[in-house]
Amino acid sequence: MKDDGIDYTAVFRGLPGMVALITPELMFADANDEFLRMSGRTRDQVVGRYLFDVFPDNPNNPAATGMRNLEASLRRVLATGERDAMALQPYDVQSLERPGEWVERYWSPVNAPVFGPDGRVVLLVHRVEEVTELIKARGGPDTDRTRVLEAELYTRARELQEVNERLRQAHAREREVALALQQAMLPVPGPVGRHRPAVRYRPAAGSLNVCGDWYDLVDLPGDCVGVAVGDVVGHGLRAAGVMGLLRSALSAASRVARGPAQALEVVDLYARSVDGAENTTVVTTRIDWDARTISYSSAGHPPPALLHTDGAVEFLDQATDPPLGAHPDFVPRPQGTAVFAAGEALVLYTDGLIERRREDIDVGLDRLADSLVRHQDIDPEALADAVLLDLLPPDGPTDDTALVIVRL
């Protein structure tokens, strides 16, 4: 590949240090010259082959866990989209010249994601520091000191790996507690007045980036329903706690306010006294079936989508203001109104449904509109499932996702 006269293939092949590119299926996509030289493999013996067919664990050494640890690291990167540095550890590498003979190597790998246009991990960069010669240095007057350093280095590396594993377990427990807390604070999906919205919540897969998204459904006087979704900055228990406070405040304000804009003004004032509530985005709507209108107001949130019976999708973006707490002083919030016909659908969602890394938000909105039009004739429950299937990655969302669909 060349760009502005630079041959990036040649650059990759000539990189100092061992570097390989691995697919999400853990197949070698490429390897630089130093990786091939230090591993004793040719390009044909590596590229296009399964990683652990090229470098299997030593079946004669039950203590050889290097390759299993490497696989766990690579799968963490795929699940979280985050860089993973492994502790130094020994690997038994099979000699190709003498089958059945295994050579102990000491490698310190770092694995990092490469993202595609849709924000999903499409490649893994596997970089290896080769320190075998340092660890196995023998002979001369420094033999004893070298052995002491080797033992100390290996012990500290193992301790670091154990600490990292305990941290991962602690994060997993916090994630479970935060999700349980969030689910306890969110309203149970069900009928609201004479209407039954479809509600979905999907936590971020394999990540602590959860518990900031929320939804609310409020039965209002007359044949009216309030529907809101929001997104708290942050994650985990703290975000779940802030989410509960703001959802409750907006739910109460919606019952007494003259409309969505005034309800947001009340919550905006309240958010200034809640640590962690700043920059929360939220959109709230009031659906009036008698007047056939939707009034709405948004605090920095992606616009609701109104799916018309003729197949057109209208994004309600005429009443958008900055997120909660953005104004140092009180500023009235804008409010918009849209008219709907019987059989149409209102769709509210959080950014996890439409946003992808390094992709313009309009691309995600177009993707949502296309999905809604293709499935417009099915009931809200089936429509919600179809939209999630169309827009979320098969291995789960990379960010919290809330979705509410109301048939009008």
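Is arginine 367 buried, partly exposed or exposed, and at what relative accessibility? In this predicted model, arginine 367 has a relative accessibility of 25% and therefore counts as partly exposed. The legends below take up this residue and other salt-bridge partners.

**View 1. The salt bridge between glutamate 359 and arginine 367.** The side chains of these two residues meet with a distance of 2.8 Å from N to O, and the arginine partner, arginine 367, is partly exposed at 25% relative accessibility.

**View 2. The salt bridge between aspartate 268 and arginine 272.** The closest N and O atoms of this pair are 4.0 Å apart. Aspartate 268, at 4% relative accessibility, counts as buried, whereas arginine 272, at 36%, counts as partly exposed; buried here means under 20% relative accessible area, with partly exposed lying between that cut-off and 50%.

**View 3. The salt bridge between aspartate 370 and arginine 374 in helix 10.** Both residues belong to helix 10, which spans residues 361–374, and they are placed 4 residues apart, about one turn of the helix. Their side chains meet at 3.0 Å, taken from N to O, and aspartate 370, with a relative accessibility of 41%, counts as partly exposed.

**View 4. A network of salt bridges that share partners.** Arg13, Asp30, Asp33 and Arg43 are joined into one network through salt bridges with partners in common. For the wider setting of these close-up views, a search of the whole structure finds 18 salt bridges.

Technical notes. Residues are numbered from 1 along each chain as its sequence is written. This is a predicted model: local features need pLDDT of at least 70, side-chain atom pairs count only at pLDDT 80 or more; totals for chains, interfaces and linings use all residues. Side-chain values use heavy atoms; hydrogens and water are left out. Buried means under 20% relative accessible area, exposed over 50%, partly exposed in between (1.4 Å probe, protein chains only). Helices (H or I, at least four residues) and strands (E, at least two) are DSSP runs, numbered from the N terminus.
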